Amino acid sequence: MQKKYSWYSLLKAGLSNQEWDKAIPLSKPKPKYDVIIIGGGGHGLATAYYLAKECGITNVAVVEKGYIGGGNTGRNTTIIRSNYLRDEASSLYEHSMRLWEGLSEDLNFNVMFSQRGVYNLGHTLQDMRDIERRVNANVLNGVDAVVVDHKEIKEQIPIINTSKNVRYPIMGASFQARGGVARHDGVAWGFARAASNLGVDIIQNCEVIDIEVEEGRVKGVKTTQGDILADQIGCVSAGHSSVIAKMAGLRLPVESHPLQAFVSEALKPILHTVVMSNAVHGYVSQSDKGDLVIGAGIDGYNSYAQRGSAKIVEHCAAAILELFPIFSRVRMNRQWGGIVDVCPDACPVISPTKIQGLYFNCGWGTGGFKATPGSGNVFAHTIAQDKQHELALPFHINRFTTGALIDEHGAAGVAH
Amino acid sequence: MSMALQAWLTSLVKGNIMFLIDCPYCKESRDQNEFSPAGEAFIARPQNPEALSDEEWADYVFYRTNHKGDHWEQWVHTAGCRKYFLVKRSTISHEVIQVSTFGEINSENAS
């Protein structure tokens, strides 16, 4: 059991020069668990945490092929918001937002959740109509949202270019004040620490190489650290979901693409909020360290390579520079890609499969980080009760057969 | 192509920032930016869609192999001859292994 972090423990440790315990103990796999979660990213760790905390299932292992916080959890642009158009999507993301709002206290770990607001810019009359429609839908669904015009944007963000003499002039935006950012890998560490405190084994450097299925039921997994048996297996492996599915003889309606982001050198505080534009495709915020965190789009081709094309970065940089000419001489520090699994309707799959005891939580595509606590929460209940959580119901994999897609991709007109 | 340009392109390809594709129609090795990906190859439209079950139709429309490794896919030379063709490309390294016109390779003889 780890010590609770508090001002008192900090003071005591500081004065006594005490060594801190490892936040996440290194675990070796046991022969058998009730539940195995494949994938130790934010979503997988959150699933394990809520299984232990809310469902009373503590004999759980999270198997991660790399290290905690080393995958997409540590590669995204950390934006959190819940202003989705469709009822199904906005309920799920709003559920997540409410969990974010108490997460640092709940985990006893500072995830640096900062509700600094998120602007989604509109550049055409049609953009503005879509934004008004989405904001109205948000308000009806109990999600905070307002429409702001370009004057108000300029007042709030003096460095933004609201000139009419640009290719895509800013006409207005939707603003969600409760949106913001969090420390991405801190979220993974926080969930991992809290889950292991409740008895979950976090097994790093342990790659799943096969899933054993017998008479239509999962038996366990073969890993690089030996065989592990389990009654239930939850797969939360993002870009590699199809690879895991193939081990169980399943196909998924997802394709993997590289999604790129880049950060600048550290600057003094200059941008206090999050600005996203789907029309010109770029989004930017400034981290607490001071670097500008900029996100681009996906490459159209399939890839597992964790890198994308130069043209995507160029396109995004051009968009950001038109919005913020002041950034033209900022030097970029690092650029990278993460592999995201994109569903045809850009909404996730949180679902049982035709194999008993095997569940998938995948297809979050380019926007999974914001959903981390909510996704883990509904997936944990889905596994524990062998029945989809009510918020997960519309996200059954069968929707691709029945045709009940959630048309968030086309209708919302917002960057993920 | 100048030596400097050739060297720069080679460095980008070696650094895996971009890749070159040999267009089988233009018979030239061109920057990937001239091309657009057009999805997995060899997905034939069903001969008799009416006879398909919902599962089979969903499989045709939405389900893909999303293979990790050598992957046959369709590309179009958007900023060139505008023709569609087949590319076998590694989804791990982005290396282009083979290009072909539709006539030469099909789902039966593709390796």
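In this short talk I go through two protein chains, A and B, of one predicted model, starting with whole-chain values and then turning to single residues.

Some conventions come beforehand: residues are numbered from 1 along each chain as its sequence is written, and chains are lettered from A, with ligands numbered from 1, in the order in which they are written. As this is a predicted model, local features need pLDDT of at least 70 and side-chain atom pairs count only at pLDDT 80 or more, while totals for chains, interfaces and linings use all residues, and side-chain values use heavy atoms, with hydrogens and water left out.

Let me begin with chain A. Its secondary structure comes to twelve helices and 18 strands, where helices (H or I, at least four residues) and strands (E, at least two) are DSSP runs numbered from the N terminus. The radius of gyration of chain A is 21 Å, close to the 22 Å that the globule rule gives for 416 residues, so the chain is as compact as a globular protein of that length; the radius is taken over C-alpha atoms, and the rule is 2.2 Å times the number of residues to the power 0.38. Along the principal axes, the C-alpha trace of chain A spans about 65 × 65 × 40 Å.

Of the 416 residues in chain A, 58% are buried, and here buried means under 20% relative accessible area, exposed means over 50%, and partly exposed lies in between (1.4 Å probe, protein chains only). If we take the contacts in chain A between residues at least 6 apart in sequence, 75% of them join residues at least 24 apart, a contact being heavy atoms within 4.5 Å. Chain A exposes about 17000 Å², with carbon and sulfur atoms supplying 52% of it; accessible areas come from the Shrake-Rupley method with a 1.4 Å probe, and for residues only the protein chains shown count as cover.

Now to chain B. It has two helices and six strands, and read along the sequence these follow the pattern α-β-β-β-α-β-β-β. Of the 111 residues of chain B, 33% count as buried, and residues 24 or more positions apart account for 46% of the contacts with a separation of 6 or more. The accessible surface of chain B comes to about 6500 Å², of which 51% belongs to carbon and sulfur atoms.

Turning to single residues, which side chain makes a polar contact with the side chain of A:Glu94? The partner is A:Arg178, at 2.8 Å, where a polar contact is a pair of N or O atoms within 3.5 Å; within protein, one must be able to donate a hydrogen and the other to accept it, and residues adjacent in sequence count only if both atoms are side-chain atoms. A:Glu94 itself sits in helix 3 (residues 87–101) of chain A and is buried, at a relative accessible area of 4%. Leaving out residues up to four places away in sequence, A:Glu94 touches A:Ser82, A:Gly142, A:Val143, A:Gln176 and A:Arg178.

Helix 5 (residues 125–140) of chain A holds A:Arg133, which is partly exposed at 45% and which, again not counting residues up to four places away in sequence, touches A:Leu85 and A:Arg86. The C-alpha atoms of A:Arg133 and A:Arg178 are separated by 19 Å, with their positions 45 residues apart along the chain. Also in helix 5 is A:Val139, partly exposed at 49% relative accessibility; A:Val139 and A:Asn83 are 56 residues apart in sequence and 9.2 Å apart in space, C-alpha to C-alpha.

In chain B, is B:Arg89 buried or exposed? At 0% relative accessibility B:Arg89 counts as buried, and this residue lies in strand 5 (residues 84–90). The side chain of B:Arg89 makes a polar contact of 2.3 Å with that of B:Glu73. Beyond the neighbours within four places in sequence, the residues in contact with B:Arg89 include A:Tyr301 and A:Asn302 from chain A, along with B:Phe19, B:Trp75 and B:His94 from chain B.

I close with two backbone angles. A:Asn17, in the loop between helix 1 (7–16) and strand 1 (32–38) of chain A, has a phi near 55°, a positive value in a residue other than glycine, and counts as exposed at 70%. B:Phe42 lies in the loop between strand 3 (36–40) and helix 2 (54–61) of chain B; its phi is near 65°, again positive in a residue other than glycine, and at 31% relative accessibility B:Phe42 counts as partly exposed.
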